[in-house]
Amino acid sequence: MDADYIEIDLQLTKDGHLICMHNSTVDATTDGKGKIKDMTLSEIKELNIKGGHKVPSLEEVLDHFGRDVNYYIETKRPQEEEMDLELIRLLEERSLIGVQAYYGQVVIQSFSEESLKNIHKYHASTPKVKLTSSAQLDELDAIEKYAIGAGPKFGALTKEFVEEAKKRDLYVHPYTVNSRKDIEKALELGVDGFFTNYPDRGRDEVSKKFDIYG
Ligand code: CA
């Protein structure tokens, strides 16, 4: 679908492995039940996802796509520093962050300022984006200290927020923008990118917008 990035949410298993899942339990997307932090990776691998798939570990995703895609990876709290350190380890191992990395191939996003600051401590040059469900203007002063952009909830996003962010040279990437109407509105507000479940639709609306402005 020609997306610029693939967006990955992380959860940490009981035995310290990172898996790609949005929720903190396996209930909604697999045939199992329970909290991921109480299960080992091999227990999670026994579960089935509709269509005969298995829950991917981050390592499998990184090994599958390698340098062929860009990654927009979300760390979650309250799993403490362990998640950040394991993420850094896997990315360093593959030179996806650090001196041999291509700038922007990996973006780290989080609602947790603590997590982003923690990663910033080890990899200041890896781009980070702070997610925010409220999109308050007064958050931007803090965000610009460790991040290259803000990821506001689309419903909370205002023109003012975009303008204030741009004054600080911060990118604005709202989530999750799905309908054509909303994608159009986001582009009109001047966002630099957006999270969507429909990258093909997003790509289409972006090219329409480019055509308009020639
Ligand atoms: Ca996410």
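Which residues lie nearest the centre of the largest pocket? In this predicted model, they are Tyr5, Tyr72, Phe194, Phe195 and Thr196, and the lining as a whole comprises 40 residues. The pocket holds about 1200 Å³ of space. Such space can be located because a probe the size of a water molecule, rolled over the atoms, shows where emptiness is left.

Several elements contribute to this lining. Strand S1 (6-12), strand S3 (71-75), strand S4 (106-110) and helix H8 (199-212) each provide at least two residues. The largest share, six residues, comes from H8. Sorted by class, the lining of the largest pocket contains 22 nonpolar, nine polar and nine charged residues. As for its position, domain 1 (1-126) and domain 2 (130-214) both give residues to the lining, so the largest pocket lies between them.

The second largest pocket encloses about 240 Å³ of space. It is lined by 15 residues, and those closest to its centre are Cys20, Met21, His22, Ile49 and Pro56. Two or more residues of this lining come from each of S1 and helix H2 (58-65). Here the largest share belongs to S1, which supplies three residues. The lining of the second largest pocket divides into 10 nonpolar, four polar and one charged residues. S1 thus contributes to the lining of the largest pocket and to that of the second largest pocket.

The strands may be considered next. Seven of them form an open sheet in the order S2-S1-S3-S4-S5-S6-S7, with mixed pairing. S2 and strand S7 (171-172) occupy the edges with a single partner strand each, so one side of each has no neighbour in the sheet. In general, strands of a sheet pair through backbone hydrogen bonds, in either a parallel or an antiparallel sense.

S1 has five buried residues among its seven, and is therefore largely enclosed by the rest of the structure. On one pairing, S1 runs antiparallel to S2, to which it is joined by three bridges. Gln11 has Ile19 of S2 as its bridge partner. The two strands S1 and S2 make a hairpin with five residues between them, and Gly16 in the turn has a positive phi of about 85°. S1 also runs parallel to S3, and four bridges join these two strands. In this pairing Glu7 stands opposite Tyr72 in S3, and Tyr72 is one of the residues nearest the centre of the largest pocket.

Further along the sheet, S3 and S4 pair in the parallel sense over five bridges, and Glu74 stands opposite Gln109 in S4. S4 in turn runs parallel to S5, to which three bridges join it. Ser110 stands opposite Lys130 in S5. Strand S5 (residues 128-132) is mostly covered, as five of its five residues are buried. From S5, Lys128, Lys130 and Thr132 point one way, whereas Val129 and Leu131 point the other way.

Which residues coordinate the calcium ion? The donors are Glu7 (OE), two entries for Asp9 (OD), and Glu74 (OE), at 2.2 to 2.9 Å. Along the sequence these donor residues are spaced E-x1-D-x64-E. Two of the donors can be contrasted by their exposure. Asp9 has a relative accessible area of 8%, which is under 20%, and so it is buried. Glu7, with a relative accessible area of 40%, is partly exposed. Glu7 and Glu74 also take part in the sheet, where Glu7 stands opposite Tyr72 and Glu74 opposite Gln109.

Some residues outside the strands complete the description. Most residues other than glycine have a negative phi. Asp2, which is not a glycine, has a positive phi of about 65°. Asp2 is placed in the segment before S1 and is exposed, with a relative accessible area of 54%. Ser95, likewise not a glycine, has a positive phi of about 55° and is found in the loop between helix H3 (80-93) and S4. Lys33 belongs to the loop between strand S2 (18-20) and helix H1 (41-45). Lys33 is exposed, its relative accessible area being 70%. Lys33 and Ile44 are separated by 11 residues in sequence and by 9.9 Å in space, C-alpha to C-alpha.

How values were computed
Residues numbered from 1 in each chain as written. Predicted model: local features only at pLDDT ≥ 70, side-chain atom pairs only at ≥ 80, totals over all residues. Heavy atoms only, no water. Donors = N, O, S within 2.8 Å, 3.2 Å for Na, K, Ca; no water. Buried < 20%, exposed > 50% of the residue type's maximum accessible area, 1.4 Å probe, protein only. 1 Å grid on protein atoms, 1.4 Å probe; cavity = no way out; pocket = protein on both sides within 12 Å on 5 of 7 lines; lining within 4 Å. Points joined across faces, edges and corners; volume = space filled by probe spheres on them. Nonpolar A, V, L, I, M, F, W, Y, C, P; charged D, E, K, R; others polar. Domains from an automatic or database assignment. Pairing = 2+ DSSP bridges.
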